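Student: I would like a close look at one part of this model. Please start from a single residue pair and work outward.

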Amino acid sequence: MVMLRADSPWDKIGLAEIMRKLLITGNLGYIGPVVTAYFRKHDLCEEIIGVDRGFFEHSITVPATEMLAHAADLQIYADVRRPTPEMFKGVDTVIHLAALSNDPIGKEYENITKEINADSTLKIAEMAKEQGVKNFVFASSCSVYGCAENTRRHEESDLDPLTAYARSKVASEKGLKELAGDDFIVTCHRFATACGMSPRLRLDLVLNDFVASTITTGGIKILSDGSPWRPLIDVEDMARAMAWSSRRPLEAGGNYCIVNTGSNIWNYQIKDLAHSVKSCFPQTEIDINENAEPDKRSYQVDFSLFEKLAPQYQPKISVTDCIGRLHSGLSRMEFGDADFRNSELIRLKVLMILRERGFIDTELWPIKNRNSNISLAS
């Protein structure tokens with residue numbers, strides 16, 4: 001049952017006009033459960049539909065009893081390389097998260113990263129538009145700026161994608177621009193690097209890695225010289241941003257909007273992130289390889305446009321709060337694996353295990369005659 005407050009502006013619009021069907025691709029990944037829970041709590045959705053292959057469905061890092069709030073009303077198990085028109089019937093808004101999610105995976109699966117992250121994005125968007133979807137929200141990345149540490153990059157700055165993952169995001173943005181129109185409003189969030197606790201936690205993200213390392217070893221070892229810049233954003237603040245873009249009016253960015261999404265105060269050098277963790281847990285020892293070559297993936301980003309367009313949806317979670325939530329969540333898991341970089345909390349490792357056990361082939365397609373429900377339980 002949906003209840004409206006007496007002072008709600010929505011009661012003057014009419015419930016039928018604001019209720020909607022929402023489809024989230026990649027809802028069984030790291031960000032997806034947080035987005036699903038946020039919309040369930042803060043938005044009026046008639047139905048939330050999830051579309052996901054299920055590679056990481058088993059990777060639950062909270063008690064199973066808590067997963068209901070993070071689950072879709074209807075779960076469709078499908079590879080985004082083969083969408084069907086039926087998925088989008090009656091859907092008002094698509095939030096497209098599904099992707100091979102980081103640079104190590106992109107290096108191992110370069111061609112497949114293009115297929116899943118770029119080609120499939122455009123196929124899904126075309127199909128969604130044909131089926132009458134009104135809003136398309138795409139999770140892009142600030143990694144498209146590549147090496148850009150001297151001045152903060154804004155949306156009109158030159159792009160320098162250095163990895164397969166970043167190139168796939170650039171290709172998606174270009175293709176989506178051609179599809180956008182007043183009846184198909186597209187928003188491309190160039191998100192800062194994700195971090196924070198999730199019901200399906202990943203530890204192959206810089207801040208998440210640092211907190212896990214602090215818990216398991218008492219220290220943080222930085223293989224680079226610590227100088228590269230990264231903007232960060234907590235996953236809950238990512239969900240908050242998508243709540244804005246999913247109902248974004250045309251006057252707030254037009255029918256096609258690229259927007260850097262994060263906070264200007266969350267531009268950090270890697271070494272400063274390590275010291276932020278140490279400020280929360282003073283016993284942490286930091287080891288920086290001062291003689292290492294700097295990582296070319298270094299960028300500072302200007303988030304002023306997002307602040308202008310969506311002042312009520314700005315990030316709220318501080319880096320200190322994010323570190324605390326991660327530490328609390330990992331402690332609740334009784335986490336203590338010092339070798340976690342070779343564990344199933346690393347997404348590339350999960351794909352390797354699924355291949356080794358015969359669930360997927362080298363192109364990440366399911367192997368015939370195997371049970372469709374993927375499980376890594378031994």
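Which residue of E12 stands opposite Pro-231?

Tutor: Asn-267 stands opposite Pro-231. A caution before going further: this is a predicted model, in which local features need pLDDT of at least 70 and side-chain atom pairs count only at pLDDT 80 or more, while totals for chains, interfaces and linings use all residues. Residues are numbered from 1 along each chain as its sequence is written, and side-chain values use heavy atoms, with hydrogens and water left out.

The mean pLDDT (the predictor's confidence in each residue, from 0 to 100) is 91 for the protein, and 92% of the residues score at least 70. Residues 1-16 stay under 50 in pLDDT. For that stretch the model has 13 contacts beyond four places in sequence, a contact being heavy atoms within 4.5 Å.

Back to the strands. Helices (H or I, at least four residues) and strands (E, at least two) are DSSP runs, numbered from the N terminus. Pro-231 and Asn-267 belong to the pairing of E10 (residues 229-234) with E12, which is antiparallel and has three bridges. Two strands pair if DSSP finds at least two bridges between them. The sheet here is open and three-stranded, ordered E8-E10-E12, with mixed pairing. E8 (193-195) and E12 (267-269) are the edge strands; each has a single partner strand, so one side of each lacks a neighbour in the sheet. Neighbouring strands are turned by 50 degrees against each other on average, direction ignored; the axes are lines fitted to C-alpha atoms, for helices over the stretch in contact, and angles run from 0 to 180 degrees between N-to-C directions.

Next, the interior. The largest nonpolar core has 70 residues. Such a core is a set of buried Ala, Val, Leu, Ile, Met, Phe, Trp, Tyr and Cys residues joined through side-chain atoms within 4.5 Å. Buried means under 20% relative accessible area, exposed over 50%, partly exposed in between (1.4 Å probe, protein chains only). Val-35, Ile-95, Leu-203, Leu-207, Phe-210 and Met-242 touch the most other members of this core. Helix H7 (residues 235-245) contributes the most, with seven residues. A second, separate core of 39 residues includes Met-87, Ala-98, Leu-100 and Leu-179.

Take Phe-210. Neighbours within four places in sequence aside, Phe-210 contacts Ile-220, Ile-222, Ile-270, Leu-273, Ala-274 and Val-277.

Val-35 leads to helix H2 (residues 32-42), in which eight of the 11 residues are buried. They are Gly-32, Pro-33, Val-34, Val-35, Thr-36, Ala-37, Tyr-38 and Phe-39. Their cover includes strands E1 (20-25), E2 (45-52) and E4 (93-96), along with H7.

E4 leads on to E5 (residues 135-141). The two strands pair in the parallel sense over four bridges; Val-94 has Phe-136 of E5 as its bridge partner. E5 also pairs with E7 (residues 185-191), again parallel, over seven bridges. There, Ser-141 is matched with Phe-191 of E7. In E5, seven of its seven residues are buried. Asn-135, Val-137, Ala-139 and Ser-141 point one way from E5, and Phe-136, Phe-138 and Ser-140 the other way. That fits the general rule: in a regular strand the side chains alternate between the two faces of the sheet.

Last, the charges. There are 17 salt bridges in the structure, each a side-chain nitrogen of Lys or Arg within 4 Å of a carboxyl oxygen of Asp or Glu. Glu-115 and Arg-81 form one of them, at 3.6 Å, N to O. Glu-115 lies in helix H4 (residues 110-130) and Arg-81 in the loop between E3 (74-77) and E4, 34 residues apart. Arg-81 is buried at 7% relative accessibility, whereas Glu-115 is partly exposed at 29%.

Asp-103 and Arg-297 meet at 2.6 Å, N to O. This pair joins helix H3 (residues 103-108) to the loop between E13 (285-288) and E14 (298-301), across 194 residues. Arg-297 is partly exposed at 30%.

H4 has another such link: Glu-110 meets Arg-167 of helix H5 (residues 164-179), 57 residues apart. The N to O distance is 3.2 Å. Arg-167 is partly exposed at 37%, and so is Glu-110 at 45%. Finally, a network of salt bridges links Glu-236, Asp-237, Arg-240 and Arg-325.
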